[in-house]
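Work through the exercises below with the sequence and the model open. Each task is followed by a solution in steps.

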Amino acid sequence: MRSIDELIADHRPGYSLAQRFYTDDALYERELERVINRNWIMAGHVSELAQEGDFKLFEVGRESAIIVRGKDGAIGAFANVCRHRGSVVCLEARGNTQQFTCPYHGWKYGLDGRLLAARAMPDGFDAESHGLKPVALELVHGLILLSFSATPPSLANCRKDLAEPMALFDIEGLKVAAQKDYLIPANWKLCVENYQECYHCATAHPEYARLHTLMLHPEQRRRVQQAMLDKMEPCGLKHFDIDFLDSNARAGEIGYGYSRTALFDGYVSGSEDGQAVAPLLGNLSDYDGGASDFSFGGFSFLLAYSDHVVAYVFTPVDKNNSKCQIYWLVRGDAQESKDYDVDRLTWLWDVTTQADKTIITNNAKGIHSKYYRPGPFSKMERAESNYVEWLLQELARPLATD
Ligand code: FES
Ligand SMILES: [Fe+2]
């Protein structure tokens, strides 16, 4: 059998991945080490943890982290693994607390991860050195990013280059108006690959395809794209274009990207009727009829309409199961019922994600067949092709020692 390195070298550019990328246990282990645990993944937004003691869990593959706002007001993250005999400490997905008590033998940890109490330990037991293990956490313009590595990639350029585009929508000042998790019985890459291309939109997403011009060939999109670019400045927007693969080419960096794409004429937001569903974001003064795509590493994506932002996070549960977490964000001062309605806000991407779940499940079924062979990408799957290249680069990267 070919080794993993040979499998990577065998990959034919412009084609989908070989079966073993989705089915091989050793390859999944390598992904965990070099791609999944190493990359920064969006674990939420600061607005979710507004008060001291607010916490949420974030789980990826075999890892679980407790993210908590501490007494000093800072947000920190800790491995959700007891320092006594390794039980998971926190079982609630979110809440507010002053301490975390392990359900097994009752060790208690503070909001700063320190061990506060452990019964009947021998003389000389050093509580100080038995705090919860810290997990790397960075806030990037209000997004909580986590990495399960002691040597995560740098976020310096991502933070700098995305500062202006993110300020347009005041990403930091938003609040989470709704959040849903979708469990998908497929390898995580099939979920991200699906999100990278809109070749399937015309066939799988009639609701989305009414509004979004991404389903068009770039040449067909030109006129409507130009109309949006002309409108941008009077609406308070600016044009930026950051290529995901270019940014990732810098060694030791997280890949990131930004672009804005026009919606069809007459539509201003991602909703059932294409009309606004919440107040304009940031300092925007009007609708330019566009939607922006942000990407952070290989797992986290934002879609910024002028009045709300939809964040997508795709993570493995295990080799054959994935989670798609979606956050719907609106202005921090927007009020539910008065300024937005959660059902209207979430409609489009709930319907679209349910449909994606079905097509990804079908894709996973076929990929496990002995008849599956890598197939050629269309011209409308350039981003997916780039994504596959990115993944192969990450898999081939030497392992940083944790
Ligand atoms: S494993 Fe947590 S207290 Fe024993
Ligand atoms: Fe889709």
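The exercises cover the domains, a core, a helix pair and several single residues.

The model is predicted: local features need pLDDT of at least 70, side-chain atom pairs count only at pLDDT 80 or more, and totals for chains, interfaces and linings use all residues. Residues are numbered from 1 along each chain as its sequence is written, and chains are lettered from A and ligands numbered from 1 in the order in which they are written.

**Exercise 1. Domains**

Task: state the domain bounds and describe the side of domain 1 that touches domain 2.

Solution. Step one is the assignment: domain 1 covers 41-136 and domain 2 covers 155-396, with bounds that come from an automatic or database domain assignment. Step two is the separation: the centres of the two domains, taken over C-alpha atoms, are 32 Å apart. Step three is the contact, where two residues count if their C-beta atoms, placed from the backbone, lie within 7 Å. Seven residues of domain 1 meet 14 residues of domain 2. On the domain 1 side, strand β1 (residues 41-45) supplies the largest share, three residues. Helices (H or I, at least four residues) and strands (E, at least two) are DSSP runs, numbered from the N terminus. By class, this side of domain 1 holds three nonpolar, three polar and one charged residues. Here Ala, Val, Leu, Ile, Met, Phe, Trp, Tyr, Cys and Pro count as nonpolar, Asp, Glu, Lys and Arg as charged, and the others, Gly among them, as polar.

**Exercise 2. The largest nonpolar core**

Task: find which residues have the most contacts inside the largest nonpolar core, and where this core lies.

Solution. Begin with the terms. A residue is buried if 20 or more other C-beta atoms lie within 10 Å of its own, exposed if 12 or fewer, and partly exposed in between, with C-beta atoms placed from the backbone. A nonpolar core is a set of buried Ala, Val, Leu, Ile, Met, Phe, Trp, Tyr and Cys residues joined through C-beta atoms within 7 Å. The largest such core has 108 residues, and Ile67, Leu145, Leu146 and Cys191 have the most contacts inside it. Domain 1 and domain 2 both give residues to this core, so it lies between them. Next, take Ile67: leaving out residues up to four places away in sequence, Ile67 touches Ala43, Gly44, Leu49, Phe55, Lys56, Phe58, Ile75, Ala77, Leu137 and Ile144.

**Exercise 3. Helices α6 and α12**

Task: describe how α6 and α12 pack, and decide whether α6 is enclosed or open.

Solution. First the geometry: α6 (residues 188-196) and α12 (residues 382-396) pack at an angle of about 145°, with axes 8 Å apart. Axes are lines fitted to C-alpha atoms, for helices over the stretch in contact, and angles run from 0 to 180 degrees between N-to-C directions. The crossing of α6 and α12 is right-handed; a crossing is left-handed if the near helix is turned anticlockwise from the far one by less than a right angle, and right-handed if clockwise. Then the residues: Lys189, Val192, Glu193 and Gln196 of α6 meet Ala383, Glu384, Tyr387 and Leu391 of α12. This contact has four nonpolar, one polar and three charged residues. An α-helix has 3.6 residues a turn, so residues three or four places apart point the same way. Last, nine of the nine residues of α6 are buried, so α6 is largely enclosed by the rest of the structure. Among them are Trp188, Cys191 and Tyr195.

**Exercise 4. Positive phi**

Task: place Ala120 and Asp170 and classify their exposure.

Solution. Ala120 is not a glycine, yet has a positive phi of about 55°. Ala120 sits in the loop between β8 (115-117) and β9 (136-140) and is exposed, with 6 other C-beta atoms within 10 Å. Asp170 has a positive phi near 45°. Asp170 lies in the loop between α5 (163-168) and β11 (174-184) and is partly exposed, with 17 C-beta neighbours inside 10 Å.

**Exercise 5. Two serines**

Task: what do Ser300 and Ser306 touch, beyond four places in sequence?

Solution. Ser300 belongs to strand β14 (residues 300-304) and is buried, with 24 other C-beta atoms within 10 Å. Its contacts are Ile41, Met42 and Val313. Ser306 is in the loop between β14 and β15 (309-318) and is buried, with 29 other C-beta atoms within 10 Å. Ser306 touches Val268, Ser269, Leu280, Leu281, Leu284, Tyr287 and Asp288. Ser306 and Leu284 are 22 residues apart in sequence and 7.4 Å apart in space, C-alpha to C-alpha.
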